[in-house]
Amino acid sequence: MYAQMVETGLNKVQTLADMGEQERQFQARIDAGIKIEAKDWMPEAYRKTLIRQISQHAHSEIVGQLPEGNWVTRAPTLKRKSILLAKIQDEAGHGLYLYSAAETLGVSRDELLGNLHSGKAKYSSIFNYPTLSWADMGAVGWLVDGSAIINQIPLCRCSYGPYARAMIRVCKEESFHARQGYDIMLSLCRGTPAQKAMAQDAFNRWWWPALMMFGPSDAESVNSAQSAQWRIKLFSNDELRQRMVDQTVPQAEFLGLTVPDPDLKFNAGTGHYEFGEIDWSEFHNVLKGNGPCNKERLATRVKAWDDGAWFRDALVAYADKKQSRQAAA
Ligand code: BYC
């Protein structure tokens with residue numbers, strides 16, 4: 001992908017000739033598949049890119065709890081409720097591993113959260129859509145966590161050690177999440193006609209936003225070429241999106257659901273599904289803060305942070321007291 005991008009001049013990356021000696025050695029380590037660790041020298045732009053991506057990823061995990069949290073009290077059975085609770089709790093854990101990975105790059109968690117709360121930092125577009133019915137818990141697990149796995153499996157092999165290692169456990173848990181989502185869809189699709197219609201409705205609403213999760217097309221992606229050179233990205237946005245479509249369409253067929261895309265067709269020559277045009281204006285609108293739930297999501301996170309102030313203060317007071325007791329002893 002990297003070679004292809006340089007060739008077509010989509011976005012320029014530094015060639016070895018443009019680099020100083022230290023940077024050349026850094027690139028050589030990356031090209032040799034050696035992981036970069038927190039204390040290693042790294043170009044400032046590499047550090048910044050990682051802080052941007054890892055913190056956005058962490059914010060996505062935390063904000064990603066909200067659409068599902070909406071259904072905890074209304075899950076149809078005790079079993080479904082406990083599974084949903086466990087999944088939401090896992091997402092909090094993913095956020096924590098990721099904030100920790102970002103902190104190894106010399107940025108504080110308070111600063112990262114400040115950027116989220118002020119609206120400066122991005123989080124995944126997908127979490128700005130509402131969860132209107134129980135079937136949405138199925139569609140989110142199946143399509144959103146399913147897409148997350150496709151995007152994140154390659155990240156287990158990315159060049160930055162702390163990020164790559166955090167991703168291993170995240171991917172294992174995401175795989176349980178995707179299965180539980182598919183299991184909800186399967187139950188609904190084997191249920192009454194009304195339940196099946198509910199599953200189809202959720203599928204209709206989540207399909208296109210799930211495809212947008214992978215980011216802009218390769219032609220529009222501003223960060224891809226440089227991230228590929230640094231092996232932060234091993235596959236392009238479009239490659240991963242295609243993988244998602246190829247994997248998901250047969251699963252939809254098994255459920256007896258119709259993919260909401262009249263242009264979808266299998267190309268026997270390439271072995272891939274061709275799909276219709278994505279509405280990129282919708283994606284950009286969500287990124288600008290104008291999606292159906294952007295304001296609500298941010299307000300909920302800010303309120304949770306403010307409501308937790310007394311607890312953080314108590315932790316600091318306890319730590320201070322303990323420290324002065326130890327100093328006095
Ligand atoms: N939403 O040049 P590009 C989860 C931004 S968590 C919002 O291709 P890049 C889950 C992009 O940041 C899901 N913004 O960028 C959690 C860039 O803007 P900036 C999150 C998006 O970084 C709980 C601009 O568009 N997963 O799955 O090379 C429950 C141009 O894009 C989006 C991760 O974060 C988007 N969808 O590639 C269930 C994975 N797409 O920053 C599930 C790690 C693009 O220059 N992240 N943008 O202002 C990545 O793999 C990459 O950052 C992306 C974007 C593929 C997302």
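## Serine 55 and helix α3

Serine 55 sits in helix α3 of this predicted model. With a relative accessibility of 7%, serine 55 counts as buried, since the cut-off for that label is under 20% relative accessible area. If we set aside neighbours within four places in sequence, the contacts of serine 55 are Leu50 and Leu112.

Helix α3 covers residues 44–63, and it packs with α8 at an angle of about 25 degrees, the two axes being 13 Å apart. That angle makes α3 roughly parallel to α8, because angles under 35 degrees fall in that class. The crossing of the pair, α3 and α8, is left-handed. On the α3 side, the residues that meet α8 are Leu50, Gln53, Ile54, His57 and Glu61, and their partners in α8 are Tyr163, Met167, Val170 and Glu174. By character, the residues of this α3 and α8 contact split into five nonpolar, two polar and two charged. Leu50 is worth a second look here: it is a contact of serine 55 and also takes part in the meeting of α3 with α8.

## Helix α8 against helix α9

Helix α8 (residues 161–189) also packs with helix α9 (residues 193–212), this time at an angle of about 140 degrees and with axes 7 Å apart. That makes α8 oblique to α9, because only angles over 145 degrees would count as roughly antiparallel.

Which residues in α8 and α9 meet? From α8 come Met185, Leu188 and Cys189, while α9 brings Gln195, Lys196, Met198, Ala199 and Phe203. The residues of this contact of α8 with α9 divide into six nonpolar, one polar and one charged.

## The nonpolar core

The largest nonpolar core has 79 residues, and those with the most contacts inside it are Tyr46 and Trp207. Helix α8 gives the most to this core, contributing 11 residues.

Tyrosine 46 is a good place to start exploring the core. Apart from neighbours within four places in sequence, tyrosine 46 is in contact with Phe26, Ile30, Ile36, Ser159, Tyr160, Trp230 and Ile232.

## Two buried residues of helix α9

Helix α9 holds both leucine 211 and proline 209. Leucine 211 has 0% relative accessibility and so counts as buried. Beyond its neighbours within four places in sequence, leucine 211 is in contact with Arg241, Met244, Val245, Phe275 and Ile278. Ile278 is 67 residues away from leucine 211 in sequence, while the C-alpha to C-alpha distance between the two is 7.9 Å.

Proline 209 is buried too, with a relative accessible area of 4%. Its contacts, again without neighbours within four places in sequence, are Ile126, Tyr129 and Glu282. For a longer reach across the model, proline 209 and lysine 81 are 128 residues apart along the chain, and their C-alpha atoms are separated by 25 Å.

## Helix α12 and its surroundings

Helix α12 spans residues 280–290, and Trp280, Phe283, Val286 and Gly289 in it are buried. The buried residues of α12 pack against three helices: α9, α11 (237–255) and α13 (294–307).

## Tryptophan 134 in its loop

Tryptophan 134 has its place in the loop between α6 (109–117) and α7 (135–152). Is tryptophan 134 buried or exposed? Its relative accessible area is 9%, so tryptophan 134 is buried.

Leaving out neighbours within four places in sequence, the contacts of tryptophan 134 are Trp71, Ala75, Pro76, Arg80, Leu84, Ile184 and Met198. Met198 also belongs to the α9 side of the contact between α8 and α9. Valine 72 lies 62 residues from tryptophan 134 along the chain, with 9.9 Å separating their C-alpha atoms.

## Partly exposed positions

Arginine 231 is found in the loop between α10 (224–229) and α11. Its phi is near 55 degrees, a positive value in a residue other than glycine. At 31% relative accessibility, arginine 231 counts as partly exposed.

Alanine 319, in helix α14 (residues 309–328), has 41% relative accessibility and therefore counts as partly exposed. Alanine 319 and tyrosine 129 are 190 residues apart in sequence and 40 Å apart in space, taken C-alpha to C-alpha. Tyr129, for its part, is one of the contacts of proline 209.

Definitions and conventions
Residues numbered from 1 in each chain as written. Predicted model: local features only at pLDDT ≥ 70, side-chain atom pairs only at ≥ 80, totals over all residues. Heavy atoms only, no water. Axes fitted to C-alpha atoms, helices over the stretch in contact; angles between N-to-C directions. Helix = DSSP H or I, 4+ residues; strand = E, 2+ residues; numbered from the N terminus. Parallel < 35°, antiparallel > 145°, perpendicular 65-115°, else oblique. Contact = heavy atoms within 4.5 Å. Nonpolar A, V, L, I, M, F, W, Y, C, P; charged D, E, K, R; others polar. Left-handed = near helix turned anticlockwise from the far one by under 90°. Core = buried A, V, L, I, M, F, W, Y, C linked by side-chain atoms within 4.5 Å. Buried < 20%, exposed > 50% of the residue type's maximum accessible area, 1.4 Å probe, protein only.
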